[in-house]
Every structure is written in C-alpha cells, then in structure tokens.
Amino acid sequence: MASIINSISFKNFFNYYGDYFETRYDFEEGVNIIVADNGAGKSKFFNAFLWLFYDQILDSDDKIKKGIKDIAVKIISDKAKNETPIGGSIETGIQIEYSNGRFKYQITKSFTATRISESITSFDSWQITINDIEVNRTDHILPKYTPVYDADEKLNIIKQLIRPDLRQYSFFQGEEVDSIIDFGKKSSIEEAVRTLTDISNYEELVSLTKYFKDKAEIDLNKQTKSNTDHNDRLEKAIKLKKDEGDKLDIEIIKLGEFEKLYDAAEQEKNELEQNFSNAEKRNELDNKIKEKTRKTTDVGNEYNTFLDSINNRFFDGNFSWISLGFDTVIDDFQSKIQKFRDIHYEKKALLNINNDPNKHFHFLPVNSPDSVSLKSMLDHQHCYVCNRPALEGSEEYDFIVRLKNRPVEIKNETEYVKNNLDSFFSDLQINAQPFYNKISNITDSILQTREKETALSDRLTKLKKELKSLKDQRKDILISGSNGEDSLTIINRYKGAIRRISESSIQIERLKENIKKYKNNIHNTEKEIQSLRPSNIPEGYLLNYDICSDLADSTEKAKNRVFDNMVSLLEQYANEHFQSLIKYNDLAGGILKFEKSPSGSILFNYMDSKGNVVHGSSEGFQRMKKFSVVMAVISANTAKYNYPLLADAPISAFGEGFTEGFFEATGNVFPQSIVLVKDLYKGNDKMKINDLGKKLLKDPLVKTMYVNQVTEGVEQVDLITTKIKLK
C-alpha cells in the first residue's frame, strides 16, 4: 500500500495562526492542489515537510536552510507573538497524518516559546524549548490513536512517508528539478540506477569473484610449478602474464584518470553551455556597445562644439547674425550720414568765408600747386597759373605766399564744430560693412544652422537609444553562477572544456586499445600456461580456477547488463512521460536520448525526429524534460511507487498547456500529489482561480483544491492565512 497523506495542520506556524483544528488541510489519494498568490503561505506549507524530514526550515530572507532552533522566532506567527504577554508562552508546531497500509499515523513536531522581553521580533526576547516529537498510531478498525514511544520506531515511521533515498524525486521545489537530474554527471544516472536496482550488490560480487579468481590462480600456479618438468618456460609465461597484468593495471588507472578528466570537462561544458551562448552574445554586444559608444561620443563632441560655436555667429563677419533685422537701419544711416556730412562741410565753408574769404580754398585741390612751383613763382614774381605778374608787395604776391605756407596755417585752423565725429562715423561704416553685406543671407544661415543642429541632435538621440538598447540586451542576457566572470573568460573556459573533452577522448580511446591489447596478451599467455600444465595436477585446482574465472566474467557482464538495461528502461519511460507532459502544448515534442560518453557517463540529449540535437528550448521545455526523467525514475522502480509527490511551485516556468499536462501526468504516476501553485490564482475572480484552475477543478484526477488568502490592508502583526476549500 502507498503512503497517503490524510491531512496537515499548523499551530501558529508563520501566517498559519491558530490551533491545529483551525488550520487543517484534508487530502485524498490523487491530485491535490493548493493555490496561493505570493505571500499566502506556499513556501511556509512546504517548510512544514522540511521540518518533518530534516529538522530544517528554509529562511525566505536569504534562501538558506537553517536548523529549527536557529530560526524558531521567525517561525512563530507574528500575531500570536504579539498576543503573548511577557512571561507567557506560546506553542508552534505542525501535525501530519498519513496512512500506510493497515496503519494510520499522526506525527506532531513542535516547540514552546516563552516571551521574556518587549520586542516580539528579537531572538533575545524569547526562550525556545524544542518539544519531543509525538508519534501516534492507529489502525482503520480502531480509530483511537495510541502513542509510539521508541525513538527509532518514530524515525522509521517518518521515513515510511517518503523513503529518504527517493525524496529527491518526490519532494522538491520547482527550481530544484534542474539540479536533481544532471546527466552530464556520471554520478547522476548512477545514483538513479542505484536507487532503482541492486547494482551495488553486483559491484560487491564483481570485487569478490575477482578476489576468488586471483586466489585460485595463485594456488593453481603453485601446483603447476611443483608438478611440471618445464619450469623455465612456465615461469617465463607466468612472469609474462604478471608483467602484462601490471601494465594492464597501469593502463586501467590511467583510463580512470582520463575518464575523470573527461567527465569534469563534460560537466564544465554542460554548466557553461547556456552561459557560453550568452557569453558569445554578450561579447558580440560588448563590441557593438564599444563601437556605438565611440560614435556616440564623437557625435556628442561634435554637437557640443557646434552648440558652443553658435554664439560666435552673432559677431563673426562670415555669419553676422547680430545684424538680423537691421535692414532699414542701413538706409537710415546712409541718409543721416549724408545729411551729417552736408551740414558738416557747410559749416566749414561758412566758417572759412566768415573769417577770411581768401582762405577758402575749398575749390582748390589739396597740394596744388606744389610747393616747388609756388617758390619758383615767388622767385620770378610771376603766377604761372594765371600767367600774370605777381610783384613783391602786391596782393597777388601775398596770396602766393599764403598758399605756399598753407599747411602751417591749416594745423592752426580753428575748429568749426565742437565734436568732429566724421572719422567715427566713417570707421563705423567701414567696420559694419561685413555685417550689412550679410544681412540678406542671415535668415538662410540661421535656418541651415537650425537644420544642422536638429540633424546632429537627432543623430545623437538615435545613437543614445541604440546604445541603450544594446546595453539593455546585454543586461537581459544573464550569466548565472559565473562568479562575476566576464564574457571572454566564459568563452575561453567553454572552449577549454571542449578542447579537454577532445584530448581526453583521444587518450581514452588510446588507453582502451592498449587495455584490449594487454588483455589479449594475457589471454594468449593463459593458453600457453594451460598447455604447460601437467596432467597430474589435482583436478580440484583446475576446476576451482575455471569456476572462479567464469564467475568473475559473468558478474562483470551482469553488472554492466543491469546498468545498461536500467538506462534503456529510464529512456523508455522518460519519453513516455515527456509525451504526456507536453500533450496539450502546441509545439511537437522531440525524443529524449540517453547515450554513453567515452568515459561511460550518460549524456542526456534532446533530439528531433531525424536525430538532430535540439537546442534553444524554452525554460518550460527544459523543466519538462527534467520532470519526465524524475517520473521515469518513479515508473522504472521494480516495485510500485508507494510515496506521494510534494512539490512547491513546480509549474512556475510552464505555460497553460504544460500545466495541464503536468497535472494529468503526475496523477497517472504518483499515487498522491500535493502541489502548491500560484499560477492558477486570480485575485479579481470570485473563486480566486483562473480559467485553467476552473478546468482542473472539474478534472476527476483532481481530488481536492484549496485557495490560500491573506488578510488585506493589515500590518504584519495581524497577518494570517485563511483557506477556501473549492473541492
């Protein structure tokens, strides 16, 4: 009969506040589902069985399993702690009832906490006393429980619920499936085979029969030497066999070392498989990010330099932006400067006329006549300009003298205006010329500058978006368990593992050939020794050696055959379960294949119908493969599997099709399953479950379904988990 959990109850255990009868969950044979959103008690429920089996609790703060006494204060319901006065005590515990054939058992684990100070969360505020485990037993005819007192018997009753060596296949949280089955490790398949078969007995027989064979051979050789006339030839043959045997042993040791190297490299390759692909993508993205960063920096620098240069364009004669809007000012300036000059020269002319009309030479060009001509006219007392006499003392002569001395008199000329701004306005006009010449082009220049600024800004924005996208892609490519290793390190490690696999494989093949050669030499030498044995050797020695040799060979072959047959059986069941698990999924499933590596370990491959290895499956598919092998271990058991499945969040990576297939498959493999899930929860639904949950509720394989809820809008000290039984 299978072990069937009838109920589990809690007493002030985490959010499960209250006494055992208030928090009781009843279960039946078949599928039992507990639906709960985050924080509604799934992991706490699972922790009850951790406590039952291992005296440990998983601390949700750091995800580390800890001894019950080390975490006892955290386990107690905060509401119960808050209600306990200083000096008062509170009991926290779990109570599990299960049936196994004729008997029904009740197991209670608990501790008592006494409050000794104010703070309810401080470990120093509580004194913890671990209570003795209580185990009661009854049969189905007489329902009254009677206590079990023997400590060993209590432990055996707990072990009967799920056998310790099978718990890893029957008691786990979802993500643990990935580590339960790792066929890259030789120990993983061997552990499964050892669990399912008595192969360890075969290994003991192999060791024992080899010892008998060696002992029988020693005894036979002694008898042969004492009864033969061909001692020299016999001794040489026996020595040759021993030498070949020693060489064989050395090669076997070397083979074992290279098989270990191969397995280690294969395991590292498998561990890095996903990381290698991600690392290559990361490395590719790193190179793209580096190039994109360079371009972004260059364009950013160009953009900033361009922005810095815009202010200069107001005063740069090549752009003259400061002149924008000064079109009419130029005409006004020209008009006003002309008027200014007219008035300016008018005042000058009037001043000359009023002071001395003779000094008004406005009509005579400057420096004409020249000084030399004027001196000649004075010397000859004759004006060559008008060609008439200019006698000394005459008015004409004096005029020529004043003309000759003109520069000196000009320097001493009286200013005719208070501030002469002629040169200022002339300079202003000259300096402004580059600006007013550009006025007609300024609007186009500003427009072109704006277009260039927009183009640079858009280009920079685009580059920044592309750079962010690349960095986001890189961030999303996770490299788990790499201890901070960069992409190139992972790539090099992966390639190094591939190289070691290849090198080890070559050495393994070479050593196997050598071993085959030495075994052949030993076989031939044994024939020679056989031919040299005299006929007068007691028959018992020969018979004993022959029997022991046959036994050694037979047990070795039997051990290998049992192992290979079990691997084949696991493969058969794994594929059957895999097809059941993916039954409701849209994608067609492949074939799971167990193959021996050169080192003898089992490689777990996922093939398509044409024998090609399938890569890149979704996380849901990956976990389905693992589940199929777990179920294969259960199905391949030589006896019917008699233990329940206890699983926390096993379908977290599944879609709806996988989820439906999972519950159907587990219902057909395990006599009972208790599965904790949040994926069926729907808070705004009246029943608090989604459509798939409602579909499963109607499934005859599903025997019970609970929904856990927590009190909304309350503080932690008032937080409790309540349950709704839907089925």
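**Surface patches, cysteines and backbone geometry**

F212 is placed in helix 8, which spans residues 199–226. The structure under discussion is a predicted model, and the side chain of F212 belongs, together with L205, L208 and Y211, to a nonpolar patch on the surface with an area of about 390 Å². With a relative accessibility of 38%, F212 counts as partly exposed, because that class takes in the values between the 20% limit for buried residues and the 50% limit for exposed ones.

A patch of another kind, one of negative charge, is formed on the surface by E392, E395, E396 and D398. Of these residues, E392 is located in the loop that links strand 13 (388–389) to helix 12 (395–404). The relative accessibility of E392 is 59%, and E392 is therefore classed as exposed.

Turning to the cysteines, the model contains 0 disulfides. For C386, which takes part in no disulfide, the nearest cysteine sulfur is that of C383, at a distance of 3.3 Å; since a disulfide is assigned only to a pair of cysteine sulfur atoms within 2.5 Å, the pair formed by C386 and C383 is not counted as one. The surroundings of the cysteines can also be described by their accessibility. C386 has a relative accessibility of 39% and so counts as partly exposed, whereas C548, at 8%, counts as buried, a term that applies under 20% relative accessible area.

Backbone geometry was considered next, with attention to residues other than glycine that adopt a positive phi. One such residue is N387, whose phi is near 55° although the residue is not a glycine. N387 is situated in the loop that runs between strand 12 (382–383) and strand 13, and strand 13 also borders the loop that holds E392. With a relative accessible area of 59%, N387 is exposed, this class being reserved for values over 50%.

D55 likewise has a positive phi, near 55°, and is a residue other than glycine. The position of D55 is in the loop between helix 1 (42–54) and strand 4 (56–59). At a relative accessibility of 40%, D55 counts as partly exposed, whereas N387 is assigned to the exposed class.

Note on methods: Residues are numbered from 1 along each chain as its sequence is written. This is a predicted model: local features need pLDDT of at least 70, side-chain atom pairs count only at pLDDT 80 or more; totals for chains, interfaces and linings use all residues. Side-chain values use heavy atoms; hydrogens and water are left out. Patches are made of residues with over 30% relative accessible area and no salt bridge: like charges are joined within 9 Å, nonpolar side chains (Val, Leu, Ile, Met, Phe, Trp, Tyr) within 5 Å. Accessible areas come from the Shrake-Rupley method with a 1.4 Å probe; for residues, only the protein chains shown count as cover. A salt bridge is a side-chain nitrogen of Lys or Arg within 4 Å of a carboxyl oxygen of Asp or Glu. Lys and Arg count as positive and Asp and Glu as negative; His and the chain ends are not counted. The place of a charge is taken as NZ of Lys, CZ of Arg, CG of Asp or CD of Glu. Helices (H or I, at least four residues) and strands (E, at least two) are DSSP runs, numbered from the N terminus. Buried means under 20% relative accessible area, exposed over 50%, partly exposed in between (1.4 Å probe, protein chains only).
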